[in-house]
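I opened this notebook to record what I looked up in the model, entry by entry. I begin with one strand and its partners, and then turn to other parts of the chain.

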Amino acid sequence: MNIVDGYKFVPGSHYMEGLTEKDHARFLSYFESQIQPDPYSSVRDRGMIKIVYNRSTHQFSKNSNQTYFQSYSANDTDGGKVRVFPRIGDELLSSNVFQSILYKNQHYLDEYCDRTETANLNISVHFIRYKAPRGGASYSSPIWLHLDDEPLVFIHLIQLTRNAIGADSVISGMDNKPTNVLRLARPFDTLIVDKTKKHAVTPLGSTDGIAYRDVMLINLEAKEQQR
Ligand SMILES: [Fe+2]
């Protein structure tokens, strides 16, 4: 049995409950202050912090390991190697916006912990900015339909600028034939994916000036990613 049956779209309005537009704007500027050019790709900026969720106390804390590993089968572009990203500051853990988002995801985390008998869950939090000038392209790693190592991934949109083209989320079965296309467009629009369906995001372009797609990924790490 899987938690979200392949994928689930949750409108940003759900995550905005209890938050204001000002909170969102402040979180966007925090996001911007924490990202740097991706050491592995010039088309993105990134930041990462790894945290630990304790199922019994419901507390989140910083992980002592801050490197990120994906298998080659999950990512044929950057998998099979340990990657070190620019670090997001520890203050993220005390951000009211971050805490509010985690709180709304908590029942998924608890369900996963209970089902897999996990007391402490490793979670990687990624800030990823896709940036494309007019006529250019930014894209995801891996580039096209894939299954992540992570049993559950939350893709929270921070912003998609109005000049963006492309950047649509695609869902498919294991046969790679797309079954659903949707777009994270509003603040905190969220796509949750598990390992029963594949997913991808189409490359980002721009109609004018530089387009940005800013996302925060909250990834539940699998045992094979612990390096
Ligand atoms: Fe993915």
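**Entry 1: strand E3.** I first looked up how enclosed strand E3, residues 44-54, is. Of its 11 residues, 8 are buried, so the strand is largely enclosed by the rest of the structure. I note at the outset that the model is predicted.

**Entry 2: partners of E3.** Which strands pair with E3, and over how many bridges? I took the partners in turn. Strand E2, residues 36-37, pairs with E3 in the antiparallel sense over 2 bridges. Within this pair I found Asp45 of E3 as the bridge partner of Pro37. The two strands form a hairpin, and 6 residues lie between them.

I then turned to strand E7, residues 120-132. E7 and E3 run antiparallel and are joined by 11 bridges. One point of register I wrote down is Met48, whose bridge partner in E7 is His126.

The next partner I examined is strand E4, residues 59-62, which pairs with E3 over 4 bridges, again in the antiparallel sense. Here Tyr53 stands opposite Phe60 of E4. E3 and E4 form a hairpin with 4 residues between the strands.

**Entry 3: His58.** I stayed with that hairpin to inspect His58, which lies in the loop between E3 and E4. Its phi is near 60°, a positive value in a residue other than glycine. I recorded this because most residues other than glycine have a negative phi. Is His58 buried or exposed? I found 12 C-beta neighbours inside 10 Å, so His58 counts as exposed; the cut-off for that class is 12 or fewer.

**Entry 4: helix H3.** I checked the length of helix H3, residues 96-116, against its expected span. At 1.5 Å a residue, its 21 residues should span 30 Å, and the end C-alpha atoms are 29 Å apart, which agrees. I also found a bend of about 50° in H3 at Asn105. Which residues of H3 are buried? They are Val97, Phe98, Ile101, Leu102, Asn105 and Leu109. Asn105, the site of the bend, is thus listed among the buried residues. For reading that list I kept in mind that an α-helix has 3.6 residues a turn, so residues three or four places apart point the same way.

**Entry 5: Glu117.** After H3 comes Glu117, in the loop between H3 and E7. I noted a positive phi here as well, near 55°, in a residue other than glycine. Glu117 is exposed, with 7 other C-beta atoms within 10 Å.

**Entry 6: a cis peptide bond.** Where is the cis peptide bond, and what is its omega? I located it between Ser141 and Pro142, with omega about 0°. Most peptide bonds are trans. Pro142 belongs to the loop between E7 and strand E8, residues 152-160.

**Entry 7: an open sheet.** I next traced a sheet of 3 strands, which is open, antiparallel in its pairing and ordered E11-E10-E13. Its edge strands are E11 (178-182) and E13 (198-201), each of which pairs on one side only. From one strand to the next the twist averages 20°. Strand E10, residues 169-172, runs antiparallel to E13, and 4 bridges join the two. In this pair Ser169 stands opposite Val201 of E13.

**Entry 8: Arg183.** I looked up Arg183 in the loop between E11 and strand E12, residues 190-193. Arg183 has 17 other C-beta atoms within 10 Å and is partly exposed. Setting aside neighbours within four places in sequence, I found Arg183 in contact with Ala167, Asp168 and Ser169. Ser169 is the residue that stands opposite Val201. I also took one distance: Arg183 and Leu19 are 164 residues apart in sequence, and their C-alpha atoms are 22 Å apart in space.

**Entry 9: the whole protein.** I closed with overall values. The protein has 3 helices and 15 strands. Its radius of gyration is 17 Å, close to the 17 Å that the globule rule gives for 227 residues, so the protein is as compact as a globular protein of that length. Along the principal axes, the C-alpha trace spans about 50 × 45 × 30 Å. Of the 227 residues, 35% count as buried. Among contacts with a separation of 6 or more, 82% come from residues 24 or more positions apart.

How values were computed
Residues numbered from 1 in each chain as written. Predicted model: local features only at pLDDT ≥ 70, side-chain atom pairs only at ≥ 80, totals over all residues. Buried ≥ 20, exposed ≤ 12 C-beta atoms within 10 Å, placed from the backbone. Pairing = 2+ DSSP bridges. Axes fitted to C-alpha atoms, helices over the stretch in contact; angles between N-to-C directions. Contact = placed C-beta atoms within 7 Å. Rg over C-alpha atoms; globule rule 2.2 N^0.38 Å. Expected span 1.5 Å × (residues − 1). Bend = angle between axes of the 7 residues up to and from the residue.
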